[in-house]
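Reader: Please take me closely through one part of this structure, strand by strand, and then on to whatever packs against that part. I would like the cut-offs behind each term as you go.

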Amino acid sequence: MKIVSLFAGCGGLDLGFEQAGFDVIWANEYDETIHETYRLNHPKTILDTRDIRTLKGGDIPDCDGIIGGPPCQAWSEGGKQLGIKDPRGQLFLDFIRIVREKKPKFFLIENVQGILHEKHSESLKLFLNSLKDAGYRIFHELLNASDYRIPQDRFRVFFIGIRNDLNKKYVFPDATTTVPITLRQAIGDIVEVPSFFGNTKITVGNKFRKNHDVYVGPFDAKYMSRNRVRGWNEMSFTIQAQACNAPLHPQAPKMTHVNSNLYQFVRGYEHLYRRLSVRECARIQTFPDSFCFIYDRVENGYKMVGNAVPPRLAWNLAQQMKRTFAEEFDISNGNNNISVVGIKSILKRLDISEIKEKYLQNIIVNNDNVDNLTELADSKRVLIGFVKPDNIDPYMRQEAKIYYTGKHFPSGIELDSLYYFMPYIKGKGVKDLYVIRIVRVGSKHEVHPSCGTEDFRLIFEIEFVKELYPDYKPIHLNIWHTFSYTTLGELLKINEEED
């Protein structure tokens, strides 16, 4: 299938689609500091460098799909969040305009989670309605790149549109790992001494490893307001587009907390604190080492890497698009060359009757003695569960007392570790946090008396705690499209600014 890429940047999204078997025939990128890098790494793609606002449908070749990430700064939680009032935010409308004119079979739009904020709800409604009016069925979810073997926390929203007349549905990919990829796995073999650059022009880059260049500008008060070091056995903070905001290398110890607005480098180890290099950031973003970034100022290297969609995440999204258009790739009759290993193939489906035999007293979790619900525990495990339409009313009133599962439960979720529960409301996402008082084996008969008493289910007795988010977040249910299993700390990161 032929793909057109808008707001292409250096082409991380394009690379993932190319690796999945799509043909990226044409791309548009206006930033002249990126052009040389894109042409070097995508030699088969025609690069158009005009301002997208001047482009008409006739300037763009016919294609099957349009992909891209309109500038995110207007919606970023680390920025001013001017949204549609920011000229960069209005570029989203140019993407929609081109989709409307070209009528591709599908489109994919990537953006930061800030676009879901309540203050942008009217703008988001305008975008989604415009795309629906153009003749597309829209699917959108908030994904964390770490679920797809990418060694960083990186929450991004993806909007997928499938043309109505095709009668197809896009299903977001299941997570491909339950174990985070660490910094040691990602960059532990990069042992060469990096080159250091400030706000000056680069004449000669690192001679031993391409793009192993580090920005040495000052650390401002905002940067020093939190710890910026993750250890070797952890995954990275989000890789960002501003050189000054790059995470620190794991060779240094965690920064020392001074007060609520200040951290400092550990005394005696100041020499170990440096930002990750452009190449290290590219590794964390899952760019191959063969992908070279060309720049004469190191800030532009960080910008290209940080603005990109991680190619590995793009590949997973593209593989699902191949499934959506199976006949286009000759995989509808068992000739399936898609090799995604997802959670479905990792986790065993446990029959509830098996769980019942294991827990003879039927009680699996007992948190009934917890009295203080105001102090949230970041390390506690959270189960996010899909709520069926016939049980939705008490959740909408924040009065739910019982959540029950289907007849099977994923083996990878450690039942006795569960503490919190969040209901996933179809078409909305998650917002409300409940504490799990009891987990036990019961029957569907308890909720629906017409059902048999031998119809065993896991029963979660729950109590409302608070609204974790001011508005719903369309978090991806990465286990069977029914559950997610994480910690409260990971969910709270969604509310953190990327600064």
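Author: Ile3 has its bridge partner in β4, where it is Gly65, and this belongs to a pairing of β1 with β4 in the parallel sense over four bridges. Strands here (E, at least two residues) and helices (H or I, at least four) are DSSP runs numbered from the N terminus, and two strands pair if DSSP finds at least two bridges between them. The model is a predicted one, in which local features need pLDDT of at least 70 and side-chain atom pairs count only at pLDDT 80 or more, whereas totals for chains, interfaces and linings use all residues. Residues are numbered from 1 along each chain as its sequence is written, and side-chain values use heavy atoms, with hydrogens and water left out.

β1 also pairs with β2, again parallel, through five bridges, and within this pairing Leu6 stands opposite Asn28 of β2. Between these two strands the chain passes through α1, and the resulting β-α-β crossover is right-handed, in the sense that, with the strands pointing away from the viewer, the path from the first strand over the helix to the second runs clockwise. Of the five residues of β1, four are buried, and the strand is thus described as mostly covered; buried stands for under 20% relative accessible area, exposed for over 50% and partly exposed for what lies in between, with a 1.4 Å probe and protein chains only.

These strands belong to an open sheet of seven, with mixed pairing, in the order β3-β2-β1-β4-β5-β7-β6. At the edges stand β3 (46–48) and β6 (136–144), and because each has a single partner strand, one side of each is left without a neighbour in the sheet. Neighbouring strands are turned against each other by 20 degrees on average, direction ignored; axes are lines fitted to C-alpha atoms, for helices over the stretch in contact, and angles run from 0 to 180 degrees between N-to-C directions. On the other side of the order from β1, strand β4 (residues 65–68) runs parallel to β5 (residues 106–112) and is joined to it by four bridges, with Ile67 having Leu108 as its bridge partner in β5.

Helix α1 (residues 12–19) packs on this sheet, where it touches β1 (2–6), β2 (23–28), β4 and β5, its direction making about 140 degrees with that of β4; contact requires heavy atoms within 4.5 Å. A second helix, α4 (residues 121–133), lies across β5, β6 and β7 (155–163) and runs at about 135 degrees to β6.

Phe17 shows the packing of α1 at the level of one residue. Phe17 is placed in helix α1 and counts as buried at 0% relative accessibility. Residues up to four places away in sequence are not counted when Phe17 is said to touch Phe22, Ile67, Phe106, Leu108, Ala314 and Ala318, so that Ile67 and Leu108, the bridge partners of β4 and β5, appear again. Phe17 and Ile67 are 50 residues apart along the chain, yet their C-alpha atoms are separated by 9.4 Å. Phe17 is also one member of an aromatic cluster, together with Phe22, Phe106 and Phe325; rings of Phe, Tyr and Trp (its six-membered ring) pair if their centres lie within 6.5 Å, with planes under 30 degrees apart counting as stacked, over 60 as edge-to-face and the rest as tilted.

The search of the whole structure for such pairs finds 21. One of them is formed by Tyr434 and Phe464, whose rings are edge-to-face at 5.6 Å centre to centre, with 80 degrees between the planes. Because Tyr434 lies in strand β18 (residues 432–443) and Phe464 in strand β19 (residues 456–467), this pair ties together parts that are 30 residues apart in sequence. Tyr434 is buried, at 0% relative accessible area, whereas Phe464 counts as partly exposed at 25%.

Rings take part in charge contacts as well: the charged end of Arg228 sits over the ring of Tyr223, 4.7 Å from its centre, and that of Arg381 over the ring of Tyr485, at 4.6 Å, where the criterion is that NZ of Lys or CZ of Arg is within 6 Å of the ring centre and within 35 degrees of the ring normal.
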